[in-house]
Amino acid sequence: MPHADALHTALKRTFGYDSFRPLQHEIILDAMAGRDVFALLPTGGGKSLCFQLPALIREGLTIVVSPLIALMKDQVDALQASGVAATFLNSTLDGVDARDRFRGLHRGEFKLLYLAPERLMLPNFLETLKSWNVTQIAIDEAHCVSEWGHDFRPEYRQLAELRDHFPGVPVMALTATATQRVREDIIGHLRLDEPRFYVASFNRPNLTYRVIPKAKPFDQTLAFIKSRPGESGIVYCSSRKAAESVAERLESHGIHAKPYHAGLTPKERAKNQELFLRDKIRVMCATIAFGMGINKPNVRFVLHYDLPKNIEGYYQETGRAGRDGLPSECILLFSAGDVVKQTSFIEEKSDRDEQRMARDQLQQMVHFAECSACRRAELLRYFGEDFGDENCAGCDNCLSPRETFDGTIAAQKFLSCIYRIKQKSGFNFGMNHTTEVLTGAETDNIRKWRHNEVSAYGIGTEMKRTEWQSIGRELVRLGFLRQSTEKFATVELTHEGLAALKDRRRITLTKPVAAADKKPKVRRGEIECDEALFDRLRAVRRRLADERNVPAYIVFSDVPLREMARIYPTNLMEFGQIAGVGQQKLKDFSEPFIEEIRNYLKDHPRQRFD
């Protein structure tokens, strides 16, 4: 078991950090002690270091299971840039390159080996692996093992057999997002042996969450991106056609953008991803259904052009913003039309249980989009975490609280309509039918059930049907109504709703979200710096990355670059104090950056920052 000082020394020497992030130190100590570990750390929470640092210190080889072949090269490039002996084996390698790596593995030259699960579980490969002194197995994206997760992959199920082949080797399962049910699935299917269990906060304090009423979505998207010059981001669309269209239209307006979806060839996807990672394009337009596996720390915004299917997917997708810890924005364009579209997709599913679960998840997503409470608190509550603070200062509802109004009359009309419909027919109907009765619509169903004869028929003509639906959904959130998740999703009065109707209780409702699209004034965690110098340092970074044929962040993320543009290091000692500058990067990259800073200071005064 290494001394604590040895871990901190390795952390600083290799990765350039003075301290661990929350839970990293405890997880690493358990890994070094040979225990199985389950670690749920949010995106940007430093999961990789939990198995990388032990791999550097202990003898033998650490196997890292990753589902994304496209990410392996970047992860290995990043480790090699920090002086770590790491490699990967996958289908992208030619025969010569693969044989070279096999020879290196046989000679014990590597500390980490990245593999896809299907490659790892080949019978002949498992036998070869036994001769390479495997001393740790890390399973990244472990939620892929669960059918209840948002990204189930059948090949992950085979990983359970690792216990039979490597009975004494400690296993670490890592994920950034998993509900309680998924966590239990992971531990059971991977046969973790009395694992140490670590769950960090799901809170991403550097992310700002906003929901904007969807009006002219492309115009809104274009205006948002134009207001953030130089920043890169991801636009999520619900269909391949939309991803293609948005990318083409952004290009026609001078914003470099490319699509990313399952309909492209693997070569096209890889090319577009490479352009994005290397800052050659600013915006990636991706389908919600297709996982990108983007490990780009300086994604400054994620914009959902269409409504995500569930909270878990939304959390993971927004989690691709701000992985470097700097302020980043998450925008959701929301309209009732998207809810109708998603509902029609759900009704095409043949499995009744799948339909029920999908409706339940959609209701939760709509609740998040329409709620007037703190969005951060709503997100965390989904994952079983209590945020605690009343105001997060990092979402639209907290930065600009929505207006409320006395909605007693409107609520009474809605509740009364549901009561009268059931009184007439003996059972409940859905939200759409209720709003049609309220607004005096003349439909076949209304005539069939003679709901044009109930006293509530036509008492709500002062509002549009969409406005009544919004009120109905808020009454569900407030607990006055209950909505089923069956194919014909009916709404019924709860005990609370019946009491409110009979007692004419005062009910406060929330006005719809205003269609403002201004950049929030609050940017918590921003590293103030000399922006002109920062831009010049980014150019140096891009040149160095292109020379090495790697993404820009492999050289340095935005955090150390902003620190350089803040403290102006002009010698090796000062440069070595920057967070994220380990010994290898100090040796390889310090000279061009120091030279750029010195040249800049010849013509520009140092700025002071508090």
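Which backbone oxygen does the side chain of Ser232 reach? The side chain of Ser232 reaches the backbone oxygen of Asn298, at 3.3 Å. This is a polar contact, meaning a pair of N or O atoms within 3.5 Å; within protein, one must be able to donate a hydrogen and the other to accept it, and residues adjacent in sequence count only if both atoms are side-chain atoms.

## About the model

This is a predicted model: local features need pLDDT of at least 70, side-chain atom pairs count only at pLDDT 80 or more, and totals for chains, interfaces and linings use all residues. Residues are numbered from 1 along each chain as its sequence is written, and side-chain values use heavy atoms, with hydrogens and water left out.

## The whole protein

The protein has 27 helices and 17 strands. Both are DSSP runs, numbered from the N terminus: helices are H or I with at least four residues, strands are E with at least two. The radius of gyration, taken over C-alpha atoms, is 27 Å. The globule rule (2.2 Å times the number of residues to the power 0.38) gives 25 Å for 610 residues, so the protein is as compact as a globular protein of that length.

Along its principal axes, the C-alpha trace spans about 85 × 65 × 45 Å. Buried residues make up 54% of the 610. Buried means under 20% relative accessible area, exposed over 50%, and partly exposed in between, with a 1.4 Å probe and protein chains only.

## A sheet of six strands

One open sheet has 6 strands in the order β8-β13-β12-β9-β11-β10, with parallel pairing. Two strands pair if DSSP finds at least two bridges between them. β8 (207-213) and β10 (257-260) stand at the edges. Each has a single partner strand, so one side of each is left without a neighbour in the sheet. Neighbouring strands are turned by 20 degrees against each other on average, direction ignored.

Inside the sheet, β12 (residues 299-304) and β13 (residues 328-334) pair over 4 bridges. Phe301 has Glu329 in β13 as its bridge partner. Helix α10 (residues 217-226) packs on the sheet. Helix α10 touches β8, β9 (232-237), β11 (283-287), β12 and β13. Contact means heavy atoms within 4.5 Å.

## Back to Ser232

Ser232 lies in strand β9. Its relative accessibility is 6%, so Ser232 counts as buried. Not counting residues up to four places away in sequence, Ser232 touches Phe276, Arg282, Lys296, Asn298, Val299, Arg300 and Phe301.

How values were computed: Axes are lines fitted to C-alpha atoms, for helices over the stretch in contact, and angles run from 0 to 180 degrees between N-to-C directions.
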